[in-house]
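Got your viewer open? Load the model and follow along, one selection at a time.

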Amino acid sequence: MEKRNEKFFSRKRSFTFGAYGGIDKFISGNESSRPESLGHSILDILDSPSNETKPFVPTNSNQKVTELFEIIEKLQGSRLDEQRCEFPPPFKSQLLKISDGLPLILSPKCGGYWIDPPLDRRVDTSPTSSQVVLDLESYDIMERDSEAKIYQEFFRHRYHQSFTAVDPSLGPLVLSICLEEEENRLRVILRMNECSLHGTFSVSLFQQLPTAVELAKMLCAGVSVSLFEVVSYLKAPELITAFDEHRVSQNFKFGVLYQKEGQLTEEDILSNNEESEEFKDFLSILGQTVKLRGFTGFRGGLDVSHGQTGSEAVFTSFHGREIMFHVATKLPFTDGDTQQLQRKRHIGNDIVAVVYQEGHAPFICDVITSHFLHCFIAVRRVKKESGTDAGDGGAFQVSVTAREDVPPFSPPLPNPPIFTEGSVFREFLLTKLINAEIACYKAERFSKLELRTRSSLLEALCSELSTRSQYMLREPAHTSVPLNAPPSEVGRAAPEGGGGFIENFKRAIRVRSHSFDTLGGTKKTGGTGTQKQRDGDGDSGPRMPGPGPLTTDNLAYTEAKGHTSPQEDM
């Protein structure tokens with residue numbers, strides 16, 4: 001019994017990294033130099049219990065009871081320091097001897113991530129690799145919602161008609177129909193909870209123009225309603241456009257981690273304060289260093305008034321998009337805080353992060369504990385074929401990892417994944433970061449929340465359009481409400497109203513912030529506080545305005561005590 005307790009206790013797992021206490025093995029210099037073998041050896045060392053044989057010392061019953069309670073107390077302890085172990089010096093020193101035989105990224109033993117290029121050399125091609133050297137024109141930025149701009153482009157400036165209905169099985173429906181006389185065709189958009197369907201139909205296919213129900217069924221055979229209500233509210237196009245484009249944003253924020261030689265844990269990586277010239281050169285490729293105080297561009301949740309999130313940040317504009325980088329070394333450092341919550345509150349709430357590596361220590365995919373971070377792009381400066389260090393933005397090796405439910409995304413990595421021209425590298429990296437975030441929204445965690453968000457907003461839109469239209473078609477019996485009256489006034493004149501789509505939209509934004517702020521754990525208490533400072537055109541992060549039915553019972557994870565939502569500055 002005591003031996004089992006000793007063995008179990010010796011495998012006490014680190015809270016953040018996954019290492020076990022009592023490690024006494026290390027990689028010797030003459031082991032296999034294959035990257036796969038080295039990677040597995042490292043993970044085996046980090047996950048293996050001690051093989052040291054301890055002598056059995058007989059103890060009396062009282063001593064055993066005392067030791068049992070001590071074990072239980074330690075296992076139940078909430079302090080992070082009690083659950084963390086240090087890597088033994090032999091491991092770190094021998095890791096340096098491995099030199100450049102290690103890949104940039106290693107997958108955790110529990111899996112759950114894909115890596116590009118793959119570590120298994122038996123795989124000929126990676127999910128996104130390319131044998132062809134791509135030019136700058138090949139780096140296309142993905143669209144998060146290809147249907148979002150159709151209404152604005154093809155409907156807003158032409159005569160069109162919208163309709164609403166509530167389907168017993170599909171829920172609320174909003175249909176828009178436009179007759180394009182030049183092309184002699186009908187253009188139709190059907191908005192449903194899951195998605196929007198768009199199609200065009202030649203007028204010559206019909207003996208007479210089809211009804212709204214017929215057009216809806218042509219787009220979706222599951223439509224079962226027999227009647228649509230006509231939308232007669234004059235400002236309906238504004239509300240419909242707001243719904244269609246609620247996921248569209250031109251702003252992004254990404255984390256930047258600085259990993260020095262021999263650093264393998266979250267605490268080591270987040271504790272770096274000094275920036276080498278090599279790292280500064282890399283930051284200059286990402287963007288320009290700006291003073292936060294008084295900054296008027298997209299701030300990405302950083303404080304631009306009181307300096308509470310540092311004095312500087314890295315910012316850039318890229319093809320009409322504004323990008324703010326949360327650089328770990330520029331965020332506030334707190335002495336005595338091993339977790340560096342002031343840094344993790346921002347980087348831990350990003351979806352994609354860049355890891356710049358100095359040295360040959362690999363980055364373990366799950367080393368940063370976060371429910372938001374779904375993708376990492378590791379970058380390491382390498383020597384040119386001539387043997388000299390790369391200069392002028394130089395030669396950079398790139399590797400990408402993401403959670404297994406994140407689909408592959410463009411642009412593809414070249415083969416080998418090394419960039420020698422700074423301008424090409426910048427174009428590739430920024431495009432890859434933006435596309436990575438868009439792809440991450442398709443992961444299960446975000447897609448479920450996005451579905452709830454869309455359903456809530458569509459229900460509010462359908463109710464608002466119906467209420468406003470009914471009000472315009474009748475004469476109020478007891479009160480007269482102006483056409484531009486706020487939703488609260490319309491609500492009093494038309495009791496069946498839902499409080500107004502704009503008000504529901506704002507409410508969904510606030511609840512969306514709370515939902516992401518409390519994703520995955522116990523429900524967070526307390527009010528929303530004062531209104532946050534606006535961010536230019538709004539924040540990026542998970543740009544999904546709040547789940548409906550506007551509750552957060554099942555969404556309550558806090559990345560770090562006192563951290564803010566990634567969407568707080570909407």
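Before the first stop, a word on pairing: two strands pair if DSSP finds at least two bridges between them. Keep in mind, too, that this is a predicted model.

**Stop 1: strand β6 and its partners**

Select residues 185-191, which make up strand β6. Six of its seven residues are buried, so β6 is largely enclosed by the rest of the structure.

Now add residues 196-202, strand β7. β6 and β7 pair in the antiparallel sense over seven bridges, and the two form a hairpin with four residues between them. To check the register, click L190: L197 in β7 stands opposite.

Go back along the chain and add strand β5, residues 171-180. β5 runs antiparallel to β6, and seven bridges join them. Here, V174 is the residue opposite R191 of β6. β5 and β6 also make a hairpin with four residues between the strands, and N184 there takes a positive phi near 55 degrees.

**Stop 2: from β5 to a salt bridge**

Stay on β5 and pick E180, then R158. Their side chains meet in a salt bridge at 3.3 Å, N to O. The pair links distant parts of the chain: R158 is in the loop between α5 (150-154) and β4 (160-167), while E180 is in strand β5, 22 residues apart. Which partner is buried? That is E180, with a relative accessible area of 1%. R158, at 32% relative accessibility, counts as partly exposed.

**Stop 3: D350 and K253**

Next, show the side chains of D350 and K253, which meet in a salt bridge at 3.1 Å, N to O. This pair also links distant parts of the chain, 97 residues apart: D350 is in the loop between α10 (341-347) and β13 (352-357), and K253 is in strand β9 (residues 251-259). D350 counts as buried at 0% relative accessibility, and K253 is buried with a relative accessible area of 2%.

**Stop 4: E275 and K330**

Select E275 and K330 for another salt bridge, 3.5 Å from N to O. Look at the loops here: E275 is in the one between α8 (266-270) and α9 (277-286), K330 in the one between β12 (321-327) and α10, 55 residues apart. E275 counts as buried because its relative accessibility, 18%, falls under the 20% cut-off. K330 is buried as well, with a relative accessible area of 15%.

**Last stop: a network**

Finally, select R144, D145, R247 and E450 together: they are linked in a network of salt bridges. How many salt bridges does the count come to? The answer is 16.

How values were computed. Residues numbered from 1 in each chain as written. Predicted model: local features only at pLDDT ≥ 70, side-chain atom pairs only at ≥ 80, totals over all residues. Heavy atoms only, no water. Buried < 20%, exposed > 50% of the residue type's maximum accessible area, 1.4 Å probe, protein only. Salt bridge = Lys/Arg side-chain N within 4 Å of Asp/Glu carboxyl O.
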